[in-house]
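User: Could you walk me through this structure and show how each label is earned? I would like the reasoning as well as the labels.

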Amino acid sequence: QVQLVESGGGLVQAGGSLRLSCAASGRAFTRYALGWLRQAPGKEREFVAALRWESGNTFYAESVEGRSTLSKDNTKRTVYLQMNHLKPRDSAVYYCAVSLSTFNDKVSLGREREYDYWGQGTQVTVSS
């Protein structure tokens with residue numbers, strides 16, 4: 001079992017930045033991917049970005065690529081999603097999730113069904 005706790009959300013002006021954090025605790029899996037997915041009101045959950053922990057490989061949705069960066073702290077078992085140039089369309093609840101799959105590609109890790117553990121989410125609101 002693994003627990004995931006997101007933090008770093010908040011209210012920002014369009015064009016601003018946020019750094020979301022996802023801290024993992026509990027069982028330490030040898031190989032896994034950690035993904036960020038978001039859900040805006042009335043919309044389905046949408047893939048944002050993912051990172052394979054063991055390799056550090058990162059994957060980004062086109063909607064955020066170029067203005068978002070994933071990083072990780074192995075000691076803290078934490079993944080960070082730095083989001084810059086935020087837009088109102090980025091407003092959503094952002095969830096981190098762990099996939100125990102061995103996939104190492106964006107298409108696979110972009111599938112919601114590939115994730116096994118989920119955090120409670122952190123709200124991001126971008127005002128215009």
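User: Glad to have it on screen. What is the strand order of the open sheet of four strands, and in what sense do the strands pair?

Analyst: Happy to help, and please keep in mind that this is a predicted model. The order in that open sheet is β1-β3-β8-β7, and the pairing is antiparallel. On average, neighbouring strands here are turned by 15 degrees against each other, ignoring direction.

User: What makes β1 and β7 edge strands?

Analyst: Each of them, β1 (2-7) and β7 (68-73), pairs on one side only.

User: How do you know that β3 and β8 count as paired?

Analyst: Pairing takes at least two bridges, and six bridges join β3 (residues 18-26) to β8 (residues 78-83), so the two strands qualify. As one point of reference, R19 stands opposite Q82 in β8.

User: Why are C22 and C96 called a disulfide?

Analyst: The cut-off is 2.5 Å between the sulfur atoms. Those of C22 and C96 are 2.1 Å apart, so the pair meets it. By this rule the count comes to one disulfide.

User: What makes the disulfide of C22 and C96 right-handed?

Analyst: That follows from the torsion about its S-S bond, which is about 65 degrees. Because C22 lies in strand β3 and C96 in strand β9, the pair ties together parts that are 74 residues apart in sequence.

User: Why do C22 and C96 count as buried?

Analyst: Buried means under 20% relative accessible area. C22 has 0% relative accessibility, and C96 also has 0%, so both count as buried.

User: Why is β5 described as largely enclosed by the rest of the structure?

Analyst: Six of its seven residues are buried, so the description fits. As for its partners, β5 is joined to β4 by six antiparallel bridges, with L51 as the bridge partner of L34. It also pairs with β6 in the antiparallel sense over three bridges, where A49 stands opposite Y60.

User: Which residues touch the most other members of the largest nonpolar core?

Analyst: Of its 39 residues, those are L4, L34, W36, L70, L81 and Y94. Elements giving two or more residues to this core include β1, β3, β5 and β8.

User: How do you know that Y94 is in contact with W36?

Analyst: Contact requires heavy atoms within 4.5 Å. Leaving aside neighbours within four places in sequence, Y94 has W36 among its contacts, along with others including L20, V48 and M83.

Definitions and conventions. Residues numbered from 1 in each chain as written. Predicted model: local features only at pLDDT ≥ 70, side-chain atom pairs only at ≥ 80, totals over all residues. Heavy atoms only, no water. Axes fitted to C-alpha atoms, helices over the stretch in contact; angles between N-to-C directions. Core = buried A, V, L, I, M, F, W, Y, C linked by side-chain atoms within 4.5 Å. Buried < 20%, exposed > 50% of the residue type's maximum accessible area, 1.4 Å probe, protein only.
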